[in-house]
Amino acid sequence: MFVNDNTRDNPWGIVYAIAKQKINTYIFSEIKTSDGLILTDTQAIGQNLMETLLPDDKQETDSDFHKFIRNQVNTDYESNNDIEFTDTEVLDVIKAQNYRKSPGLDGFTADIVFRLHSIDTHFLTTIYNKCLNFGLFPDLWKVSVVKVLKKPNKTDYTNPKSYRLISLLSIFAKILEKLLINRINYYLHSNNLLSHKQFGFTPQKSTTDAIITAINFVKRSYEIKGFAVLLALDISGAFDNAFWPLILNNLRHLKCPKNLFYLSKSYFCKRSAKLWLQNKQISKTLSKGCPQGSACGPGYWTIIIDTL
């Protein structure tokens, strides 16, 4: 008998998948804290994972630079508004969503949203334009369900940093994120506001382009009998440590349209994450970082790194 693993078609699919060991049901037995303490309680393990992998923005450790950035973001901002989202624009983003991806806290999947949009093509556009006009990213759409994944080939899985967290977000949030970051990216690229030396998360560029540029630089140095120095940096926890005020301040500096700026500012306010670990729920208020799996994360990270 054929058994379909897809839980959307077969509610017993998940049971079958677990029975056939197609799903990794990793059980945490212990986690070691930064000071060497061994945690065995599930609630304590979950809290330690959340605190380590989703760090807080601690204002008490601010340098003068950080204080200046925070103050800048909280001052009034004046700029022209961008135009409203169109029905075609919203439809394109909806059609690009993967209906096989796991839903967020609300349980809605991309195929449900697509069918909703096909019934009334103006409904979601109206909602998203209200968000744009009021500069309001709904609080319910800022709650992420986080899943813990083991990083491969680690020698010590009692170390919290041997894991990564993936965020499951509301499909409605992902669509609004994509609409927002598409507009921001269009503004930045159409006005040539980003460095041409930026390759990451940049349209029509890739790691191959970065490698070719480096090789050509070395070749030119060799031809003139000079020296070439390559400095490589691996930024640990880049997305998890993204400094929200710096993103917003850079958007101000780049004269981002006012409604896109305030929608971004709302996006970074009152974010939270929920983790279910072995029948325990752990919640955490977020104060920095871009969710792994978000549509906005790569675009906002580019805005940070481009101005450093």
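Of the 308 residues in the chain, 40% are buried. Keep in mind that this is a predicted model. The fold is built from eleven helices and six strands, and its C-alpha atoms fill a box of roughly 65 × 55 × 45 Å along the principal axes. Take the contacts between residues at least 6 apart in sequence: 70% of them join residues at least 24 apart.

On the outside, the chain exposes about 18700 Å², with carbon and sulfur atoms supplying 55% of that area. As for charge, there are 37 positive and 29 negative side chains. The centres of these two sets lie 4 Å apart.

Now for the rings. The structure holds 14 aromatic pairs. A pair of aromatic rings is described by the distance of the centres and the angle of the planes. Here are two of the pairs in those terms:

| Ring pair | Centre distance | Plane angle | Class |
|---|---|---|---|
| Phe108 and Phe172 | 5.4 Å | 70 degrees | edge-to-face |
| Phe137 and Tyr267 | 5.1 Å | 70 degrees | edge-to-face |

Why does Phe108 with Phe172 count as edge-to-face? The planes of the two rings sit at 70 degrees, and the cut-off for that class is over 60. Phe108 lies in the loop between helix H4 (87-95) and helix H5 (110-119), while Phe172 belongs to helix H7 (residues 171-190), so this pair ties together parts that are 64 residues apart in sequence. The two partners also differ in cover: Phe108 is partly exposed, at a relative accessible area of 36%, whereas Phe172 is buried, at 12%.

The planes of Phe137 and Tyr267 are at 70 degrees too, so that pair is edge-to-face. Its partners come from distant parts of the chain, 130 residues apart. Phe137 is in the loop between helix H6 (123-134) and strand S3 (143-150), and Tyr267 is in helix H10 (residues 258-267). Are these two residues buried or exposed? Both Phe137 and Tyr267 are buried.

These four residues turn up again in a wider group. Ring pairs link Phe108, Phe137, Phe172 and Tyr267 into a cluster that also includes Tyr128, Trp141, Trp244, Phe268 and Tyr300.

Rings meet charges as well. Lys150 lies over the face of Tyr157, 4.5 Å from the ring centre. The ring of Phe199 has the charged end of Lys205 sitting over it, at 5.1 Å from its centre.

Conventions: Residues are numbered from 1 along each chain as its sequence is written. This is a predicted model: local features need pLDDT of at least 70, side-chain atom pairs count only at pLDDT 80 or more; totals for chains, interfaces and linings use all residues. Side-chain values use heavy atoms; hydrogens and water are left out. Rings of Phe, Tyr and Trp (its six-membered ring) pair if their centres lie within 6.5 Å; planes under 30 degrees apart count as stacked, over 60 as edge-to-face and the rest as tilted. Helices (H or I, at least four residues) and strands (E, at least two) are DSSP runs, numbered from the N terminus. Buried means under 20% relative accessible area, exposed over 50%, partly exposed in between (1.4 Å probe, protein chains only). A charge sits over a ring if NZ of Lys or CZ of Arg is within 6 Å of the ring centre and within 35 degrees of the ring normal. Contact means heavy atoms within 4.5 Å. Accessible areas come from the Shrake-Rupley method with a 1.4 Å probe; for residues, only the protein chains shown count as cover. Lys and Arg count as positive and Asp and Glu as negative; His and the chain ends are not counted. The place of a charge is taken as NZ of Lys, CZ of Arg, CG of Asp or CD of Glu.
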